[in-house]
Amino acid sequence: MTFSPIRTALVFCTGAIIASAAQAQVTISDAWVRATVPQQQATGAFMRLTADRDSKLVSAVSPVARAVEVHEMAMQDNVMKMRQVASVVLPAGKAVELRPGGYHIMLIELKQQIRPGDKVPLTLVFETADGKRESVAVSAPARALNGGGMSHDAHQ
């Protein structure tokens, strides 16, 4: 039996859909990156992650930074400390917030200033309990500094 190119493509695509369904399906929402001031070397990326099955965020990459790390901020001996972590656990069906003051993604050694409104590309890598990995691309808009920080406009 011979398959036409269209039928072969259809069979291949169907197989790819079935294969991807076996991996962690992670929904990423409300992604954003904190805008920077000139010469700033690092910033954070934040978002909400919801996995269909038990998974974990294990790494991230971005072309705007030489290094990208998963971090946690936590109180230790009455001092707020930031440290790199190996992963962030994503229990099935439960939204996990990456936010200022908690888990977040650090973009380190920025290659350029990130201005409000810029779209920052990120690729997040997730791993299921059985070790299968899935990469998900995100385009996170940059937001101006706010709250206790100075706005981008204050530095011009």
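Q: If a contact means heavy atoms within 4.5 Å, which residues does I105 touch, not counting residues up to four places away in sequence?
A: In this predicted model, I105 touches T43, G44, A45, M47, L57, A60, V68, E69, L98 and L124, once residues up to four places away in sequence are set aside. Two of these partners, E69 and T43, are among the residues that I105 touches beyond that limit.

Q: Which residues have the most contacts inside the largest nonpolar core?
A: The residues with the most contacts inside it are M47, L49, L57, I105, L107 and L124. The core itself has 31 residues. I105 thus appears again in this list, and its contacts include M47, L57 and L124.

Q: What is the overall pattern of helices and strands along the sequence?
A: The order is α-β-β-β-β-β-β-β-β-β-β. The protein has one helix and 10 strands.

Q: What share of the contacts with a separation of 6 or more comes from residues 24 or more positions apart?
A: Such residues account for 68% of those contacts in the protein. One pair of positions may be set beside this figure: M75 and G102 are 27 residues apart in sequence, while their C-alpha atoms lie 9.9 Å apart in space.

Q: How many of the residues are buried, as a percentage?
A: A residue is read as buried when its relative accessible area is under 20%, and as exposed when this is over 50%. Of the 156 residues in the protein, 34% are buried. The protein exposes about 9200 Å², and carbon and sulfur atoms supply 55% of that area. For a single residue, M75 offers an example: its place is in strand β4, residues 65-76, and its relative accessibility of 54% is why it counts as exposed.

Q: How many aromatic pairs does the structure hold?
A: The structure holds one aromatic pair. Its members are W32 and F46, with 4.6 Å from centre to centre and 35° between the planes, an arrangement classed as tilted. W32 belongs to strand β1 (residues 26-34) and F46 to strand β2 (residues 42-51), so the pair ties together parts that are 14 residues apart in sequence. Both W32 and F46 are buried.

Q: How many salt bridges are counted, and which residues are linked in a network of them?
A: A pair qualifies when a side-chain nitrogen of Lys or Arg is within 4 Å of a carboxyl oxygen of Asp or Glu. The count comes to six salt bridges. D30, R48 and E97 are linked in a network. Within it, R48 forms a salt bridge with D30, the closest N and O atoms being 2.5 Å apart. That pair links distant parts of the chain, with R48 in strand β2 and D30 in strand β1, 18 residues apart. R48 also meets E97 in a salt bridge of 2.6 Å, N to O. Here the link runs from strand β2 to strand β7 (residues 96-98), across 49 residues.

Q: Are the residues of this network buried, partly exposed or exposed?
A: R48 counts as partly exposed, at 26% relative accessibility. D30 is likewise partly exposed, at 48%, and E97 is partly exposed at 35%.

Q: Where in the chain do the partners of the salt bridge between E127 and K56 lie?
A: E127 lies in strand β9 (residues 119-128) and K56 in strand β3 (residues 55-61), so the pair ties together parts that are 71 residues apart in sequence. Their side chains meet at 3.9 Å, N to O. E127 counts as buried, at 14% relative accessibility, whereas K56 counts as partly exposed, at 29%.

Q: What is the sign of phi in D77 and N78, and where are these residues found?
A: Phi of D77 is near 55°, a positive value in a residue other than glycine. N78, which is not a glycine either, has a positive phi of about 60°. D77 is found in the loop between β4 and β5 (79-84), and N78 is found in that loop as well. D77 counts as exposed at 68% relative accessibility, and N78 is exposed with a relative accessible area of 73%.

Q: What is the mean pLDDT of the protein, and over which residues is the pLDDT below 50?
A: The mean pLDDT is 83, and 78% of the residues reach 70 or more. Over residues 1-22 the pLDDT is below 50, and this stretch has four contacts in the model beyond near neighbours in sequence. Over residues 147-156 the pLDDT is also below 50, with nine such contacts.

Terms used
Residues are numbered from 1 along each chain as its sequence is written. This is a predicted model: local features need pLDDT of at least 70, side-chain atom pairs count only at pLDDT 80 or more; totals for chains, interfaces and linings use all residues. Side-chain values use heavy atoms; hydrogens and water are left out. Helices (H or I, at least four residues) and strands (E, at least two) are DSSP runs, numbered from the N terminus. Buried means under 20% relative accessible area, exposed over 50%, partly exposed in between (1.4 Å probe, protein chains only). Contact means heavy atoms within 4.5 Å. Accessible areas come from the Shrake-Rupley method with a 1.4 Å probe; for residues, only the protein chains shown count as cover. Rings of Phe, Tyr and Trp (its six-membered ring) pair if their centres lie within 6.5 Å; planes under 30 degrees apart count as stacked, over 60 as edge-to-face and the rest as tilted. A nonpolar core is a set of buried Ala, Val, Leu, Ile, Met, Phe, Trp, Tyr and Cys residues joined through side-chain atoms within 4.5 Å. pLDDT is the predictor's confidence in each residue, from 0 to 100.
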